[in-house]
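Work through the exercises below with the model open beside you. Try each task before reading its solution.

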Amino acid sequence: MKLTPHTTSIISATIGLVYANYLYQSYIIGEFAAFPEPVAKKLRRAIFYSNYDIQPENALKYYKQALVAAEEVGMDPFSDEIFGVKFQMASFFEKQMHQPRMAIEVLERVRRSCLDWETEKGGLEENRGQRTKVLGQCVRMSVKLGELYAGPEIMETEHAEESLVWAVTTLLKEQARREREGVQEGEGEWMNAEEIGGALENQDLH
């Protein structure tokens with residue numbers, strides 16, 4: 001499957017809007033109540049230094065400290081909350097520091113850890129729900145990575161194409177499996193109609 005530069009641009013623009021909306025609605029509204037106080041304390045400082053009194057070094061320091069605190073208190077590394085902290089770090093590098101390469105590194109690292117978990121534990125019956133969440137996040141991250149790789153600061157079209165094709169292929173494969181086999185007990189819902197529609201809109205993959 002081959003994506004033209006024009007098609008890549010269309011996909012990136014469409015998915016970028018979906019990703020930004022998902023990120024904002026899910027994570028950046030400031031619902032710190034979901035975090036234990038040791039983690040929330042670090043996050044409040046990170047947000048302050050990244051959005052208000054802009055101090056990149058302090059912001060990054062407190063994001064990292066928040067993740068360490070989360071691990072110390074036993075938060076699920078694949079929870080929505082922890083995904084949110086990592087996504088916010090990537091957004092910070094991209095939007096505030098104008099360093100898309102660093103944003104790519106964050107997202108690639110998170111994506112690799114998710115895929116490693118899916119390979120090792122995603123097939124276990126007790127992990128069905130977690131697999132749905134982790135795989136969905138991998139699709140979202142891959143789409144965002146495609147956008148970043150295709151951006152004017154990076155212009156790595158092969159990596160952009162690879163990320164976008166993986167995202168769409170994985171999305172369709174999982175959707176087809178559920179239609180063929182039915183939704184297994186505990187799996188939960190797959191990606192919503194808006195995300196699926198955004199991922200497939202204006203694409204010519206054949």
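**Exercise 1.** In which loop is Glu187 found? Describe its surroundings.

*Solution.* Two notes come before the steps. The model is predicted, so local features need pLDDT of at least 70 and side-chain atom pairs count only at pLDDT 80 or more, while totals for chains, interfaces and linings use all residues. Residues are numbered from 1 along each chain as its sequence is written, and side-chain values use heavy atoms, with hydrogens and water left out.

Step 1: place the residue. Glu187 sits in the loop between helix 7 (157-181) and helix 8 (193-200). Helices here are DSSP runs of H or I with at least four residues, strands are E runs of at least two, and both are numbered from the N terminus.

Step 2: check exposure. Glu187 has a relative accessible area of 6%, so it is buried. The cut-offs are under 20% for buried, over 50% for exposed and partly exposed in between, with a 1.4 Å probe and protein chains only.

Step 3: find the polar partners. The side chain of Glu187 makes a polar contact with the side chain of Arg177 at 2.5 Å. A polar atom of the Glu187 side chain also lies 2.8 Å from the backbone nitrogen of Gln184. A polar contact is a pair of N or O atoms within 3.5 Å; within protein, one must be able to donate a hydrogen and the other to accept it, and residues adjacent in sequence count only if both atoms are side-chain atoms.

Step 4: list the other neighbours. Leaving aside residues within four places in sequence, Glu187 is in contact (heavy atoms within 4.5 Å) with Arg128, Gly129, Thr132, Glu174, Arg177, Arg178 and Gly182.

**Exercise 2.** How many residues does helix 7 have, and what span is expected at 1.5 Å a residue? Do the same for helix 3.

*Solution.* Step 1: take helix 7. It has 25 residues and reaches 36 Å from first C-alpha to last, close to the 36 Å expected. The expected span is 1.5 Å times one less than the number of residues.

Step 2: take helix 3 (residues 56-72). Its 17 residues should span 24 Å, and its end C-alpha atoms are 24 Å apart, which agrees.

Step 3: look at burial. Among the buried residues of helix 7 are Glu174, Arg177 and Arg178. Helix 3 buries Ala59, Leu60, Tyr62, Tyr63, Ala66, Ala69 and Ala70. The cover over these buried residues of helix 3 includes helix 2 (37-51) and helix 4.

Step 4: look just past the ends. Gly182, just after helix 7, takes a positive phi of about 85°. Gly74, just after helix 3, takes a positive phi of about 85°.

**Exercise 3.** At what angle do the axes of helix 4 and helix 6 cross? Identify the residues in the contact.

*Solution.* Step 1: read the geometry. The axes of helix 4 and helix 6 (residues 128-150) come within 12 Å and cross at roughly 5°. Axes are lines fitted to C-alpha atoms, for helices over the stretch in contact, and angles run from 0 to 180 degrees between N-to-C directions.

Step 2: classify. Helix 4 and helix 6 are therefore roughly parallel to each other. Under 35 degrees counts as roughly parallel, over 145 as roughly antiparallel, 65 to 115 as roughly perpendicular and the rest as oblique.

Step 3: name the residues. Helix 4 gives Asp80, Phe83, Phe87 and Glu94, and helix 6 gives Lys133, Gln137, Met141, Lys144, Glu147 and Leu148.

Step 4: zoom in on Lys144. At 4% relative accessibility, Lys144 is buried. Its side chain makes a polar contact with the side chain of Glu94 at 3.2 Å.

**Exercise 4.** Is His98 buried or exposed? Compare it with Met155.

*Solution.* Step 1: take His98, in the loop between helix 4 and helix 5 (100-121). It is exposed, with a relative accessible area of 61%. Its phi is positive, about 55°, although it is not a glycine.

Step 2: take Met155, in the loop between helix 6 and helix 7. It is exposed at 53% relative accessible area. Its phi is also positive, about 55°, and it is not a glycine.

Step 3: set the context. Most residues other than glycine have a negative phi.
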